[in-house]
Amino acid sequence: MGVGVLGVGHYAPSKVVTNKDLEKTVDTSDEWIRTRTGIEERRIAEDDMDTSDMAYHASLSALEDANIKPEDIDLILVATVTPDTPFPSVSCMLQEKLGAWNAAAMDISAACAGFMYGMVTAKQFIDSNVYKHILVVGAEKLSKITDWSDRNTCVLFGDGAGAAVMGEVADGKGILSFELGANGAGGPHLYQKDDGYLYMNGREVFKFAVRQMPDSSVNVIEKIGLGKEDVDYLIPHQANIRIMEAAREKLGISEDRMATTIKKYGNNSSASIPMALSESVKDGKIKENDLIVLVGFGAGLTWGAIALRWGR
């Protein structure tokens, strides 16, 4: 048997903040943001909604899609850098909200690559017959650590959550290969400052990502003895359209075979890949037996990629 995705779900807050809205508060323009990032708008959670709340809504959708009850979940893994509180973990809060009383729970901190780390961790537990059903969630309320007076960062980020129920699937389906990596020396390029706001050296992060995302995308395909021409769909971390395009061009696939939710959601950190995966599935862009590459990078610096054969 393989280990793969049994169901997906995502949640985006209803409040929309457009580039035009940001023009009113910082020295920027809709054209500048669109041409350099690919972002047109982003979703921002209200004050009374936190990371665990968005994780809850996304998880409900994933459980329904998988036809799995909360009490059948053995482990909850939540990837986030914006927990409601330092402790208890978002995963424990989510366990209580869902009523997943039989589940162990822990958070994963690998920033925008967190969902990749979560999926690979889930695979190990299922492969070793320790757990049967694992809920993996990426959820972020980045708006609460964004300095809305900093034009270099406030235009990039949004809030949201995505979730996947993982378990056994048919032979030849599910995760076929993966790559995880980290380079702690790059930590100072993207981190949370003492004042609570995030800081990013955009130039250095771009240089790292535009190299690592394409390379990792190819690496996971080569690991399973296939070629770039075998990839049906690409789901990159939705950080910057130019970085995403670099990965797409390295794989040699057409624009319609890459998820591009960045236009309406912006960069959602660990939530961006599961949100894009869920939306692509629900829109019919991913079909049975499709070979999918999921790839992301984030603060740490961290990165991860997965080659996944879609199906149960």
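This passage walks through selected helices, loops and buried residues of the structure shown above.

The structure is a predicted model, in which local features need pLDDT of at least 70, side-chain atom pairs count only at pLDDT 80 or more, and totals for chains, interfaces and linings use all residues. Residues are numbered from 1 along each chain as its sequence is written, and side-chain values use heavy atoms, with hydrogens and water left out. Helices (H or I, at least four residues) and strands (E, at least two) are DSSP runs, numbered from the N terminus.

A good place to begin is helix α5, which covers residues 114-127. Its 14 residues reach 20 Å from the first C-alpha to the last, close to the 20 Å expected at 1.5 Å a residue, where the expected span is 1.5 Å times one less than the number of residues. Several positions of α5 are buried, including Phe115, Met119, Val120 and Ile126; here buried means under 20% relative accessible area, exposed over 50%, and partly exposed in between, with a 1.4 Å probe and protein chains only. Gly114, Gly118 and Lys123 also belong to the buried set of this helix.

Just after α5 comes Asn129, with a positive phi of about 60 degrees. Asn129 is not a glycine, and its place is the loop between α5 and β6 (134-141). With a relative accessible area of 62%, Asn129 is exposed. A second asparagine, Asn67, also has a positive phi, near 60 degrees. Asn67 sits in the loop between α3 (51-66) and β4, and its relative accessibility of 69% makes it exposed. As background for these two residues, most residues other than glycine have a negative phi, and most peptide bonds are trans.

The peptide bonds offer points of interest too. Phe87 and Pro88 are joined by a cis peptide bond with omega of about 5 degrees, and Pro88 lies in the loop that runs between β4 (75-79) and α4 (90-98). Another cis peptide bond links Gly300 to Leu301, with omega of about -5 degrees. Leu301 belongs to the loop between β12 (291-298) and β13 (302-309).

Turning to helix pairs, the axes of α3 and α4 come within 9 Å and cross at roughly 55 degrees. Axes are lines fitted to C-alpha atoms, for helices over the stretch in contact, and angles run from 0 to 180 degrees between N-to-C directions. The crossing makes α3 oblique to α4; angles under 35 degrees count as roughly parallel, over 145 as roughly antiparallel, 65 to 115 as roughly perpendicular and the rest as oblique. The α3 and α4 crossing is right-handed, a term used if the near helix is turned clockwise from the far one by less than a right angle, with left-handed for anticlockwise. Among the residues that make this contact are Tyr56, Leu60 and Leu63 of α3 and Val90, Met93 and Leu94 of α4, where contact means heavy atoms within 4.5 Å. By class, the α3 and α4 contact has eight nonpolar, three polar and two charged residues. Ala, Val, Leu, Ile, Met, Phe, Trp, Tyr, Cys and Pro count as nonpolar, Asp, Glu, Lys and Arg as charged, and the others, Gly among them, as polar.

In a second pair, helix α6 (residues 202-223) and helix α7 (residues 241-251) have axes that come within 8 Å and cross at roughly 30 degrees. These two helices are therefore roughly parallel to each other, and their crossing is right-handed. The α6 with α7 contact has 11 nonpolar, one polar and three charged residues. Helix α6 also holds Ser216, which is buried at a relative accessible area of 1%. Beyond residues up to four places away in sequence, Ser216 touches Glu179, Val295, Trp303 and Ala305.

Two further buried residues complete the tour. Gly160, in strand β7 (residues 159-169), has 0% relative accessibility and counts as buried. Gly160 and Arg43 are 117 residues apart in sequence, yet their C-alpha atoms are 7.3 Å apart in space. With residues up to four places away set aside, the contacts of Gly160 include Tyr11, Pro13, Met54 and Asn268. Trp310, in the segment after β13, counts as buried at 13% relative accessibility. The C-alpha atoms of Trp310 and Asp232 are separated by 10 Å, with their positions 78 residues apart along the chain. Leaving aside neighbours within four places in sequence, Trp310 is in contact with residues including Val5, Lys173, Leu277 and Ile292.
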